[in-house]
Amino acid sequence: MTLKLPRTTIKELEDLVDQLTKDDPRKRDKAMIRLTDFERSGKIPLEVLIEMSQNDHPPLSMYAISALGRNGQTEAVDHLIKLFGKHRQSHVLFLETIIDALGETKSPKASAPLLELLGIKTGLVKRLLGRRSKKGDEEGSQAKQAKEHFALPVLRALEKIQDPKAAEKLGEFLDHPDYLVRCHAIQNIQNCRLTGFAAKLKEMSGKDQHELVRESADIAHGYLQPLPPELNN
């Protein structure tokens with residue numbers, strides 16, 4: 001640790017970090033619990049979490065990434081977005097950890113990169129990439145694969161962020177083959193009160209093949225209906 005912390009705190013943090021690199025799962029679990037206690041007490045500064053998130057040892061970096069999500073400060077969000085861009089081709093579990101952490105921040109700043117992972121361009125990025133090229137075709141193929149692998153974790157993360165502008169772009173996932181993806185798309189729409197999907201939700205409540213989706217669509221459709229005049233005053 002390079003920051004100026006009380007010597008006893010530094011020593012315990014170093015010991016806990018060392019335990020996270022051990023092969024004994026019991027020691028790693030105990031260290032993780034203690035680190036979480038430190039984090040909740042505010043004894044682990046943001047700068048330390050950022051430093052830990054870049055460590056080469058996966059258990060340590062993944063803990064720090066999750067902690068940055070719980071931290072939610074602007075600097076934490078910015079760092080997670082940078083890590084997200086850097087590790088787009090990393091191991092699926094590692095990337096999903098970053099996606100989950102971005103959701104935990106509840107920051108709308110995280111919406112654009114999460115959507116972009118699924119091939120959904122927003123704002124200036126969409127206009128700049130409007131013309132297709134060979135490279136664009138390759139990126140489109142990668143985006144298709146990303147939709148298959150990351151649709152569920154991305155929609156779960158966006159569900160926590162509750163960004164209406166992002167949720168408006170999730171209509172295509174109401175027809176996704178995975179019923180859990182459809183459920184989370186519905187929840188995004190409900191959380192952001194997007195009444196423009198009311199007709200689709202009503203249709204899904206009666207016709208979707210999965211009972212859980214039908215129930216979710218019915219609840220969301222009812223939630224998005226305007227209140228009766230006598231209750232709207």
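## Salt bridges, helix 11 and the nonpolar core

The side chains of Glu-104 and Lys-160 meet in a salt bridge, with 2.6 Å between N and O. Glu-104 lies in helix 6 (residues 92-105) and Lys-160 in helix 9, so the pair ties together parts that are 56 residues apart in sequence. A salt bridge here is a side-chain nitrogen of Lys or Arg within 4 Å of a carboxyl oxygen of Asp or Glu. Glu-104 counts as partly exposed at 32% relative accessibility, and Lys-160 counts as partly exposed at 35%. For these terms, buried means under 20% relative accessible area, exposed means over 50%, and partly exposed lies in between, computed with a 1.4 Å probe and protein chains only.

This is a predicted model, in which local features need pLDDT of at least 70 and side-chain atom pairs count only at pLDDT 80 or more, whereas totals for chains, interfaces and linings use all residues. Residues are numbered from 1 along each chain as its sequence is written, and side-chain values use heavy atoms, with hydrogens and water left out.

### Overall make-up

The protein chain has 13 helices and zero strands, where helices (H or I, at least four residues) and strands (E, at least two) are DSSP runs numbered from the N terminus. Of the 233 residues in the protein chain, 41% are buried. Its accessible surface comes to about 13,800 Å², and carbon and sulfur atoms hold 50% of that area; the areas come from the Shrake-Rupley method with a 1.4 Å probe, and for residues only the protein chains shown count as cover. Among contacts with a separation of 6 or more, 63% are between residues 24 or more positions apart, a contact being heavy atoms within 4.5 Å.

### The other salt bridges

The structure holds seven salt bridges, and the table gives three of the pairs, including the one described above.

| Pair | N to O distance |
|---|---|
| Glu-104 and Lys-160 | 2.6 Å |
| Arg-182 and Asp-208 | 2.9 Å |
| Arg-26 and Asp-24 | 3.5 Å |

The side chains of Arg-182 and Asp-208 meet in a salt bridge, and this pair links distant parts of the chain, with Arg-182 in helix 11 and Asp-208 in the loop between helix 12 and helix 13 (211-223), 26 residues apart. Arg-182 is buried, with a relative accessible area of 9%, and Asp-208 is buried as well, at 12%. In the pair formed by Arg-26 and Asp-24, Arg-26 is exposed with a relative accessible area of 62%, while Asp-24 counts as partly exposed at 23%. In addition, Arg-88, Glu-116 and Lys-121 are linked in a network of salt bridges.

### Helix 11 and two positive phi values

Helix 11, which carries Arg-182, covers residues 179-191; its 13 residues reach 18 Å from the first C-alpha to the last, close to the 18 Å expected at 1.5 Å a residue, the expected span being 1.5 Å times one less than the number of residues. The buried residues of helix 11 include Val-181, Arg-182, Ala-185 and Ile-189. At the start of helix 11, a side-chain oxygen of Asp-178 comes to within 2.8 Å of the backbone nitrogen of Leu-180.

Just after helix 11, Arg-193 takes a positive phi of about 55 degrees. Arg-193 sits in the loop between helix 11 and helix 12 (198-207) and counts as exposed at 55% relative accessibility. Gln-162, also a residue other than glycine, has a positive phi near 55 degrees; its place is the loop between helix 9 (134-161) and helix 10 (164-167), and it counts as partly exposed at 44% relative accessibility.

### The nonpolar core and Leu-49

The largest nonpolar core has 63 residues, and those with the most contacts inside it are Ile-99, Leu-114 and Phe-173. Helix 9 gives the most to this core, with eight residues. A nonpolar core is a set of buried Ala, Val, Leu, Ile, Met, Phe, Trp, Tyr and Cys residues joined through side-chain atoms within 4.5 Å. Not counting residues up to four places away in sequence, Phe-173 touches several residues, among them Leu-118, Leu-155, Val-181, Arg-182 and Ala-185.

Leu-49 is found in helix 3 (residues 46-53) and is buried, with a relative accessible area of 2%. Leaving aside neighbours within four places in sequence, Leu-49 is in contact with Ile-44, Tyr-63, Ala-64, Ala-67 and Leu-68. The C-alpha atoms of Leu-49 and Ser-61, twelve residues apart along the chain, are separated by 8.7 Å.

Terms used. A polar contact is a pair of N or O atoms within 3.5 Å; within protein, one must be able to donate a hydrogen and the other to accept it, and residues adjacent in sequence count only if both atoms are side-chain atoms.
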